[in-house]
Amino acid sequence: MSQTPHRPPLPPFTHETAKEKVRLAEDGWNSRDPHNVAQAYTIDTRWRNRIEFVSNRQEAEAFLSRKWQKELDYRLIKELWAVDGRRIAVRYAYEWHDEAGNWYRSYGNENWEFDDNGLMAHRYACINDLPIQASDRKFHWPLGRRPDDHPGLSELGL
């Protein structure tokens with residue numbers, strides 16, 4: 001009999017455990033590994049991402065695969081906005097380019113709700129894309145996890 005895995009920290013979240021959960025989510029998405037990222041969500045997770053609706057973990061993984069095939073050299077920073085029990089609100093920005101070499105900074109907000117095991121059951125995202133010049137990029141680190149000493153959104157004035 002398989003058990004549902006736990007993904008600490010678990011709700012109810014404090015300000016500090018919510019910050020930790022946000023950083024873990026950022027790290028996961030910066031890995032650009034659709035399968036591993038999808039494991040942080042419930043089997044029946046529900047998402048709204050722009051105009052796409054996801055209704056389970058398998059669809060989330062497929063969505064992420066498509067996303068990172070389109071959004072090349074993706075680098076993300078998330079910041080805790082608010083926390084209440086099992087819900088967390090974040091703001092974020094990420095930089096990426098398309099196949100033609102056009103760079104973008106995408107800004108957004110997400111509302112998350114977690115189950116008792118710390119898996120995300122609901123994810124509602126609003127995102128806007130701003131075309132930028134490569135020289136206007138602010139996220140400069142090797143692909144993967146953002147270094148601890150790299151400024152966050154507030155420090156970058158975003």
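How far does helix α3 reach from its first C-alpha to its last? The answer is 20 Å for its 14 residues, 57-70, close to the 20 Å expected at 1.5 Å a residue. Keep in mind that this is a predicted model. Below is a quick look at α3, then at Asp-44, which touches the residue capping that helix.

**The two faces of α3**
- On the buried side of α3 you'll find Arg-57, Ala-60, Phe-63, Leu-64, Lys-67 and Trp-68.
- These residues sit on the same side of α3 because they cover an arc of only 120° around the axis.
- Behind that is a bit of helix geometry: with 3.6 residues a turn, residues three or four places apart in an α-helix point the same way.
- Turned away from the buried side is a face carrying the exposed residues Gln-58, Gln-69 and Lys-70.

**What α3 packs against**
- Among the helices, the buried residues of α3 pack against α1 (15-31) and α2 (34-38).
- They also pack against the strands β1 (41-49), β2 (52-54), β3 (72-84) and β4 (87-97).

**The N-terminal cap**
- Asn-56 caps α3 at its N-terminal end, with a side-chain oxygen 3.0 Å from the backbone nitrogen of Gln-58.

**Around Asp-44**
- Asp-44 belongs to strand β1.
- Leaving aside residues up to four places away in sequence, Asp-44 touches Ser-55 and the capping residue, Asn-56.
- The side chain of Asp-44 also makes a polar contact of 3.1 Å with the side chain of Thr-42.
- Asp-44 and Met-120 are 76 residues apart in sequence, yet their C-alpha atoms are 9.7 Å apart in space.

Note on methods
Residues are numbered from 1 along each chain as its sequence is written. This is a predicted model: local features need pLDDT of at least 70, side-chain atom pairs count only at pLDDT 80 or more; totals for chains, interfaces and linings use all residues. Side-chain values use heavy atoms; hydrogens and water are left out. Helices (H or I, at least four residues) and strands (E, at least two) are DSSP runs, numbered from the N terminus. The expected span of a helix is 1.5 Å times one less than its number of residues. Buried means under 20% relative accessible area, exposed over 50%, partly exposed in between (1.4 Å probe, protein chains only). The arc is that of the directions from the helix axis to the C-beta atoms. Contact means heavy atoms within 4.5 Å. A polar contact is a pair of N or O atoms within 3.5 Å; within protein, one must be able to donate a hydrogen and the other to accept it, and residues adjacent in sequence count only if both atoms are side-chain atoms.
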